[in-house]
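This report looks at the fold of one chain, the contact between two chains, and a pair of helices and their surroundings.

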Amino acid sequence: MATKVSMEALSPTMEEGRLVKWLKNEGDAVKSGDVLAEVETDKAVMELVARGEGVLRKRLVNEGDAVPVGTLVGVIGSASEDITALLGGSAASSAAVSAPSVAPAVAPAAGTAAAAKTAAAPAAAPAAAPATTGGRTVASPLARRLASDAGVDLQRIAGSGPGGRVVKRDIEAAMTSQPTQSSANSTPARTGSDFTDIPLTQIRKTIARRLAESIGPIPTFYLTVEIDLSRAAEMRAAVAELGDEFKVSFNDIILKATATALSQHPEVNAHWLGDSIRQFNRVHLGMAVATDDGLIVPVIFDADQKRLSEISAESRSLAKRARERKLTPAEYTGSTCSVSNLGMMQIDQFTAIINPPECGILAIGAIEDKVVAEADGGFTVRKKVKITMSCDHRAIDGAVGARFLQTLRRMIENPLMLVY
Amino acid sequence: MPIITYRDALNQALREEMHKDDRVFLMGEEVGVYNGAYKVSKGLLEEFGEMRVVDTPITELGFAGVGVGAAMVGLRPVVEFMTWNFALLAIDQVVNAAAKMLYMSGGQFPMPMVFRGPNGAALQLSAQHSQAWESWLAHIPGLKVVTPGTPYDAKGLLKSAIRDDNPVIVLEGEMLYNTKGEVPEEEYLIPLGKAELKREGSDCSIITSGKMVLVAMQAADTLAKEGIKIDVVDLRTIRPMDVEAITTSVKKTNRAVVLEEGWEICGIGAQVVDYIQRDCFDHLDAPVIRVHQADVPMPYAKMLERAAKPDLAKTIAAVKKVMYLEA
C-alpha cells in the first residue's frame, strides 16, 4: 500500500519547512527510516525520513520550495501501484475551496492513514526522541501530569508505548536517570519538583497589567552593573599555567557565575506563564549564538550543577554545532534564563531582548581595561565588564533584579565562590 | 460460615422476605408445583401456599402486567421470568408500566416490585436464548438493575430489591446457580448502588459484574503469579452505578479493563468507560480496553460459542495490553 510523505513538524515551533535537497530520486527504492530529503526548519536543517517501504514514486515539492507542515511532498509505493488517488487527495485538499463536498471527506481520512504509519515507525526502531504527531508529543494523560508535576520535559523523553507513546514508566525512568542524562559525572540527584508554580497575587496581576500597558507586551526595564574581572583574570592565568586543558574564557566564568547566581535567585530563573510565574529549581541556561542565518539559543542544561570545565566544553560545542546548524530541537528548547554576549564584537554595553516566556536575559559587553581610583588615593588599571540585565517587570521588580546582580557581581569578582 | 449455592441463597432471600412481609409474593412460570425451572423457589409453595406462590400460564406480558397491577394496589410482587430472553415478551410492562408508573401518576402509585431470572448465555442454548440484557434494562430511567455474581451478593441484593419501593431488575445466571460461596446465617442486606472491591491490587483495575466477576477473579489469580496485581471492582448494581468505586480504583491503578458479558455496542462497559474518561483523564496511562461478547448472535456450535464469549484468556490479554506488556 502506498505511503504518503508529508512535511513533518521537525521542531516544536515549526510551521513550514523548506525542502533543501532531495536525497532520493523518483524510482529509487526506499526502506522505512531512509532519509528522503533535507528540510530546513525555522532553526536547523533536519532529515525527513521514509515512513514506508517501496519506491519513491513521486516528488511533489521542488528543492528550495517551502511548504506548510502536513503538506504532501511525495509518495512511496510499489513500482506498479496506482497512486493517482493519493495525488488526487492532495489536489482535493489544496482545492478545498472549490470542492468543499469532496475535500473534507478525503483529506482527513488520508491524514489518519499517514499518521498511523508515522506512529508505527518509531516502535520498530527504538525512538531517540518521542513520537510526535503534527508537533504534539504523544503521551498518556497520566504521563503528562507526572511530567508536569516533576518538571520533566516530555519532549526529551523517548516513549516506550505503542507508536512511541510516553507512558508512566518512561517518566519514572526519566526521573531516576535524569541527572546522568545531561552530565554523566557531576550532577547530583535531586529530590522534589523541578519548579514551583506561584499563583499571581492581585498586586502582581495589577503590576503585570499596568506595566504591560505602558511598554509593549513585555514591560522591560534594564539594570546595568560594571563588574571587576581582576580576580577572574588572576584565576584564568593561574589555572592556564597548569596546562592547556585548564584554559577557560571570561565568558565561561560569567556563564558559570550566572548559573550559580540563578540557582540562588529562583525569582529571576523563571517563566512568565500569563496566569502564574513558574520558578525553576533547575537552571537551564540559554546562550545566544549568532549564526549566518540568525540567532539561535542553545541550552546548557543544569548549568549550575556543572563544573567550569564542563561549561567551557559544552558552550564551545553548542556554539560550534549551532553555526553548523546541527543542533537538535531538544538542544535549543527548555532554557530557564539566557545570556547574550557581544563583547567579542567590541560592544561596550547593550540591552538584550527577553526570550519569552523567560523573564530575564543578561547582555555581556566588552572587557576593557579601566583606570580606577583606589582607596589609598592612587590609581590602578583593572579589567571591567558591563553586564546589563533585561527584566520582565511583570515578574521581576527592580530590587529583585538588583539583588540577583549583587550576587552575580560577588561571584565574578570572587571567582573562588564558584567552588562553594 | 455455611457454604451454600447461589440458587439456595436466592431461595433463602425469598423465604426470609416472604416471612417478614406478607405482601411479598412470587409469581411466574413453574415457580410453584415444579419448584421453579432452576429450583430457586424450591419448597416455597409448600410453605406459603398457592396465594403467595402463583404458577402462571406461559404469558409473560400478562403476568408481568398482573404484577404491576398488584404493586399499584399495595402488594410487593416478585415476578420470575424463566429466562430474561422470555422477558422480551413482557418488556412493555417492564419499561412502559413498571418503570414509569410512579412518575406518570404524579407519585400516586409506587412500584415496589422485583423482576428476576437468569440472564445471559449458559451453554449451547443458541442465539435466541443466550443474551445479556443489562444494557437494555439499565438504559431505562425508573428501573434499578442488580447483577449479583456470588451467593452472598445474590441473597443480600435480592432482599434489598424486594424491600425497595422501586421496580428492581435482578439478573441472575443459569451458570451461577450451582456456584457456591459463604453466606452467613444471620440476616444481612447489601445496599443497592454499592460496588464491592472484590480483590485489591495496584497495577490494573478490572471493572465487571455478574457472571463475569468469576472470570475477573480467575484472571487476577492467574496474573498474580506473574506479579501483576489486579483491583477487581464488582459493580453489583448496574443502575444506579457506583461511579466513585470505579474512579477510586482507576485513580489508584491508572489502567482499566472493563469486562462484561454482553455485546460491545452501547454496552454497560461503554458507560463505565465514559465515567472513567470524565473523572480519571489525567490518571490514565493507557486507553481503557473492553472485553465483551463478539458482535454476533450467539453461535450454537460449541467452538464458536466459546470463541464468541468473553473469557479468561481475553481478559488477561486485555490487562497485558493496557499495561503495555503485550501489543
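In this predicted model, residues 24 or more positions apart account for 64% of the contacts in chain A with a separation of 6 or more. The secondary structure of chain A comes to nine helices and 21 strands, and of its 420 residues 38% count as buried.

Where the two chains meet, nine residues of chain A are in contact with eight residues of chain B. On the side of chain A that touches chain B, helix H3 (residues 141-150) of chain A gives the most, with four residues, and by class that side has four nonpolar, three polar and two charged residues.

Within chain B, two helices can be set beside the span expected at 1.5 Å a residue.

| Helix | Residues | Expected span | Distance between end C-alpha atoms |
|---|---|---|---|
| H1(B) | 15 residues | 21 Å | 21 Å |
| H7(B) | 13 residues | 18 Å | 19 Å |

For H1(B) the distance agrees with the expected span, and for H7(B) it agrees as well.

The buried residues of H1(B) include B:Tyr6, B:Arg7, B:Leu10, B:Leu14, B:Glu17 and B:Met18, and the buried residues of this helix pack against strand S1 (3-5), strand S2 (24-28), helix H2 (44-48), strand S4 (76-80), helix H7 (151-163) and strand S7 (168-172) of chain B. In H7(B), twelve of the 13 residues are buried, so this helix is largely enclosed by the rest of the structure; among these buried residues are B:Pro151, B:Tyr152, B:Asp153, B:Lys155, B:Leu158, B:Lys159 and B:Ile162.

Conventions. Residues are numbered from 1 along each chain as its sequence is written. Chains are lettered from A and ligands numbered from 1 in the order in which they are written. This is a predicted model: local features need pLDDT of at least 70, side-chain atom pairs count only at pLDDT 80 or more; totals for chains, interfaces and linings use all residues. Two residues are in contact if their C-beta atoms, placed from the backbone, lie within 7 Å. Helices (H or I, at least four residues) and strands (E, at least two) are DSSP runs, numbered from the N terminus. Ala, Val, Leu, Ile, Met, Phe, Trp, Tyr, Cys and Pro count as nonpolar, Asp, Glu, Lys and Arg as charged, and the others, Gly among them, as polar. The expected span of a helix is 1.5 Å times one less than its number of residues. A residue is buried if 20 or more other C-beta atoms lie within 10 Å of its own, exposed if 12 or fewer, and partly exposed in between; C-beta atoms are placed from the backbone.
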